[in-house]
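Hi,

Here is the structure I promised to pass on. Have a look at it first, and my notes follow underneath.

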Amino acid sequence: MIGKLLTSDFLKIKRKGLWFLTALGPIGVVAMQMVNYGVRKDYLLEQSEDDWGFYLLNVHSFTPLAIVLGIAILTSFMASIENETNAWKQLIALPVSKLTVYLSKFTVLAILLFLSSTILMLMTLTYGIFLDLGDSTPYMEIAKFAYYPYFAALPILALQLWIASVCHNQGIPITVGIFGVIFAYSSFVLPDWMIWKWPSLMNRWDEPVINVMLGIGIGILLYIIGMIDFARRDVK
């Protein structure tokens, strides 16, 4: 049954612009560096002896903002599709549990964000090679800067989906998402326990993998809480 629900959800978003938004985020992040290096490449290359490392830090400086904003938009769009067509009642009327319906929504969004991270990795690599930053290409570091923020942002995804699913007025999750972007922008002053700081990969221990593990663990916890709450509510 989950397979049929996933197929249905992917069909629903086919012409809703979600695929475009999935690609727009990473394209925008790398495009900013195209402008940055296109205007002042010589100056930037003088800032560090590790050209690849400095380039990845520049790309990563915009990644948390893009992923937090992307999560807010995608989750709101996903819920809006159901609200506009009054499809929640139709879904629940089917011989399928609310838990499965919620799982399908979360899975689709997680796949979209994973594809977005993959596009970011490929574009970062391609433009880095184009800039001729050195013969020793740090493939593992590029993958880390692409996928670590994704896993660290799973609690934000779980929270935003929870809010978007239970609020008929999508202005509420969008507002929460905007505050999330502000928090992500100010991540360097946030305490380590705030989930909006985790995609930046910064913490007092200077170990990005801690953010990843926290993201996966707390993300699963928030997903379960949101799923249970969604299952208990009456569908309007």
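**Helix α10 and the rest of the chain**

In α10, the buried residues are N211, V212, G215, G219, L222, Y223, G226, M227 and F230. Before you read too much into any of this, keep in mind that the model is predicted.

Does α10 have the length you'd expect, or is it off? That is easy to check: α10 covers residues 208-232, and at 1.5 Å a residue its 25 residues should span 36 Å. The C-alpha atoms at its ends are 36 Å apart, so the two agree.

Now the whole chain. There are 10 helices and 0 strands, so to speak a run of α-α-α-α-α-α-α-α-α-α when you read along the sequence. The radius of gyration is 19 Å, close to the 18 Å that the globule rule gives for 236 residues, so the chain is as compact as a globular protein of that length. If you want dimensions, the C-alpha trace spans about 60 × 35 × 30 Å along its principal axes.

On packing: 46% of the 236 residues are buried. Taking contacts between residues at least 6 apart in sequence, 78% of them join residues at least 24 apart.

As for the surface, about 12100 Å² of the chain is accessible, and carbon and sulfur atoms account for 68% of that. The charged side chains come to 16 positive and 16 negative, with the centres of the two sets 20 Å apart.

Cheers

Key:
Residues numbered from 1 in each chain as written. Predicted model: local features only at pLDDT ≥ 70, side-chain atom pairs only at ≥ 80, totals over all residues. Heavy atoms only, no water. Helix = DSSP H or I, 4+ residues; strand = E, 2+ residues; numbered from the N terminus. Rg over C-alpha atoms; globule rule 2.2 N^0.38 Å. Buried < 20%, exposed > 50% of the residue type's maximum accessible area, 1.4 Å probe, protein only. Contact = heavy atoms within 4.5 Å. Areas by Shrake-Rupley, 256 points an atom, 1.4 Å probe, with all protein chains shown as cover. Lys, Arg positive; Asp, Glu negative; His and termini not counted. Charge placed at Lys NZ, Arg CZ, Asp CG, Glu CD. Expected span 1.5 Å × (residues − 1).
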